[in-house]
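Trainee: I've got a new model open and I'd like to learn how to read it. Can we go through a few features together?

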Amino acid sequence: MRFLITGNMGYIGPVLISHLRQAYPGAQLIGLDRGYFAHALTTPFALPEIQLDQQWYGDVRNCSHTMFQGIDGVIHLAAISNDPMGKAFEQVTDLINRAGTLRIARLAREAGVKHFVFASSCSMYGASDQDLRDETSSLDPLTAYARSKVASEQDLQTLASDDFCVTALRFGTACGWSDRLRLDLVLNDFVATAHTTGRIEILSDGTPWRPLIHVEDMSRAMAWALQRETEMGPFVAVNVGRDDWNHQVKDLAKAVADVLPGTDVEINTQAAPDKRSYRVSFAKYRQLAPDHQPQVHLEQAIEGLKAGLDQMSFDQKNFRDGPFMRLNMLRNHQQTGRLDAQLNWSER
């Protein structure tokens, strides 16, 4: 078997590659990445890509059809991957996240790829009050990033067939340790700020709901989707997570404080309501993938982040201005002339 992972040099990729090596020990694993965040390493030991058979460098906007020859399955992670980046680069987000996804899916289908796994997002549901959002709920994307995921799923559904099995995994907010850590994710941010300052300041009133999922459990779901039963249908969109990982932001902060004693939690009770609040049902995923259910608990995720930061001797109190925030990294590439306005590497 040969599997191609796009966007493998981001936050999720290192954890996914390690999991695939265990789940499919005889498979050939190939990475395809633009390299925006290749240098954002949080391990001193080795490049995560040493676990790959090959690492290719390319852009999903113009990659070659030859890359997909002989590939059995594609996991598509490549994207402008959060709301702040989507707002700063709205046009490019559409070109990479939507048009780029459609392009590589078409190339994969033409090359005879059997399984296409798309890293989608629960953010497409938008705001909701008390009702759990499931796969039949209406979609109300509030950001460029969320809109790109909705459009991509719609495009992919038109391509799916008995010979081209497409699975859209609607993930909640990712969290947990990675060899390419991101700190622009809510739980990761809380652990980092508690670790460096002993204090968590919640800018909202703390009541918004977020479905979270650990990167190891995301990897477990993608490994399942690579060979899911085709009897489920040529196109499947499914929320991936577990019901008890629907958390209010204030409870996440309190959980961090329990693991890092002495942490003060401050909540802005006067803040305007945050519209990005939603809870999600994962009943369909329990039915479809009973042997690939999430296994990491919230306390374990926090402890893993703490242990990783301890190993780094991490003491950057102003980390939100630093390289572990993905938007900062893109802007730095542009300010130094390495990337142009369309996020293409400059020739110099």
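Trainee: Which residues of helix α1 are buried?

Mentor: Keep in mind that this is a predicted model. As a general idea, an α-helix has 3.6 residues a turn, so residues three or four places apart point the same way. In α1, which spans residues 13–23, the buried ones are G13, P14, V15, L16, I17, H19 and L20.

Trainee: What covers the buried residues of α1?

Mentor: The cover includes three strands, β1 (2–6), β2 (28–33) and β4 (73–76), along with helix α6 (215–225).

Trainee: Now strands. How many residues of β7 are buried?

Mentor: Buried here means under 20% relative accessible area. Seven of the seven residues in β7 (165–171) meet that, so the strand is largely enclosed by the rest of the structure. Look at both faces: C165, T167, L169 and F171 point one way, V166, A168 and R170 the other, and all are buried.

Trainee: Which strands does β7 pair with?

Mentor: One is β5 (residues 115–121), parallel to β7 over seven bridges; there, F118 sits opposite A168. Another is β11 (residues 235–240), also running parallel, with six bridges to β7. In that pairing V166 faces F235.

Trainee: And what is the strand order in the open sheet of three strands?

Mentor: Read it as β8-β10-β12, with mixed pairing. The edges are β8 (173–175) and β12 (246–248), each pairing on one side only. From one strand to the next, the twist averages 50°. Between β10 (residues 209–214) and β12 there are three bridges, and the two run antiparallel; W209 stands opposite Q248.

Notes. Residues numbered from 1 in each chain as written. Predicted model: local features only at pLDDT ≥ 70, side-chain atom pairs only at ≥ 80, totals over all residues. Heavy atoms only, no water. Buried < 20%, exposed > 50% of the residue type's maximum accessible area, 1.4 Å probe, protein only. Helix = DSSP H or I, 4+ residues; strand = E, 2+ residues; numbered from the N terminus. Contact = heavy atoms within 4.5 Å. Pairing = 2+ DSSP bridges. Axes fitted to C-alpha atoms, helices over the stretch in contact; angles between N-to-C directions.
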